[in-house]
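Me: Got a minute to walk through this one with me? I'll drop it in below.

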Amino acid sequence: MSLATSSPPSAAPGRPIVRLEHISKTFSNGTIALKDMSLTIRAGEFISLLGPSGCGKSTALRMLAGLGEPSSGSIVWPDDKAASKGSEGEIGFVFQEPTLMPWATVFKNVWLPLRLKGISKEAARPRVMEALEMVGLDKFVDSYPRELSGGMKMRVSIARALVTRPRILLMDEPFAALDEITRQKLNDDLLRLWEQFGWTIVFVTHSVFESVYLSSRIVVMAARPGRVIDEIDVDAPHPRGIGFRTSQAYGEYCRRTSESLLSAIGAADHL
Ligand code: ADP
């Protein structure tokens, strides 16, 4: 399959894709959004950044996407010849809101990143259709966003992120605004795709249950200042599904992760 980027999830994580090295970010108003964050992201990992509001999850993700520079520390892409930045087009970003162009069809929305690279509609068509098939929306290629449900809009947004065949997919609370059933369905579908294609994903969430279900590794963060306080490997086998969701192992991972999150909140003096 052409969108496969790395080894399957059952294998040990692969080569480092990107390293955050002692990253700190202080905004001009003095807010320390991140303090001394170090993290190595390896090929084929599904990493969740989990933590309370304000702990710097989005800031870290945005800096990985090249949207904002760290105040100190560095972001190293070992495969890149040119210093520290990921090459354009090789990072897929999915926001909490689908951010679609309402006046454009599903096709044109998904084509956009390729169009910006100068790829014509006809040349882009196979890749646009491939991305839409992955998210189960190839039949809706001529629909407009207003004709789609919230979950379908999010699928279009994911297809748009996949169409450039990114080496890393960054997702900022992509399902937080969706109802629980839609959210679970999208979690299942995302996990199936990850299991099938072995993508590298960094997923921001504040849901313990979502992070345990999806991740191979959970990075727990605390606020004020934003920092990493724990890392939890979720070694449960794949494919994961309802069996995992209802298993004792899942319950134990959730308990362990909740404790860590509680200490993150306590560490930030929220209680
Ligand atoms: P999270 O995603 O974990 O909720 P953020 O990364 O959005 O956290 O924010 C971390 C901290 O940085 C928060 O205190 C937030 O208010 C602050 N912050 C984020 N963006 C800016 C900005 N552009 N200017 C000033 N402060 C910001």
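Me: How many bridges join β1 to strand β4, and which way do they run?
Reply: There are 4 bridges between β1 and β4 (residues 72-76), and the two strands run antiparallel. Keep in mind this is a predicted model. One pairing to look at is Arg19, whose bridge partner in β4 is Val76.

Me: And what about β1 with β2?
Reply: Strand β1 (residues 16-26) and strand β2 (residues 32-42) are also antiparallel, joined by 7 bridges. Leu20 has Leu39 as its bridge partner in β2. The hairpin of these two has 5 residues between the strands, and Gly30 there takes a positive phi near 95 degrees.

Me: OK, switching to the ligand. Which helix gives the largest share of the shell?
Reply: That's α1 (residues 57-64), with 3 residues. The residues around the ligand include Lys57, Ser58 and Thr59, along with Phe27, Pro52 and Cys55. By type, the shell splits into 4 nonpolar, 7 polar and 1 charged.

Me: What distances do the side chains of Lys57, Ser58 and Thr59 show to ligand oxygens?
Reply: For Lys57, a side-chain N or O atom is 3.0 Å from a ligand oxygen. Ser58 has a polar side-chain atom at 2.9 Å, and Thr59 has one at 2.5 Å.

Me: How much of the ligand does the protein bury?
Reply: 61% of the 560 Å² that the ligand exposes when taken alone.

Me: Last thing: what's the mean pLDDT?
Reply: It's 90 for the protein chain, with 90% of residues at 70 or more. Over residues 1-8, though, it's below 50, and residues 83-89 are below 50 too. Where pLDDT is low, don't read the predicted coordinates in detail.

How values were computed: Residues are numbered from 1 along each chain as its sequence is written. This is a predicted model: local features need pLDDT of at least 70, side-chain atom pairs count only at pLDDT 80 or more; totals for chains, interfaces and linings use all residues. Side-chain values use heavy atoms; hydrogens and water are left out. Two strands pair if DSSP finds at least two bridges between them. pLDDT is the predictor's confidence in each residue, from 0 to 100. Contact means heavy atoms within 4.5 Å. A residue is near a molecule or strand if one of its heavy atoms lies within 4 Å of it. A polar contact is a pair of N or O atoms within 3.5 Å; within protein, one must be able to donate a hydrogen and the other to accept it, and residues adjacent in sequence count only if both atoms are side-chain atoms. Accessible areas come from the Shrake-Rupley method with a 1.4 Å probe; for residues, only the protein chains shown count as cover. Ala, Val, Leu, Ile, Met, Phe, Trp, Tyr, Cys and Pro count as nonpolar, Asp, Glu, Lys and Arg as charged, and the others, Gly among them, as polar.
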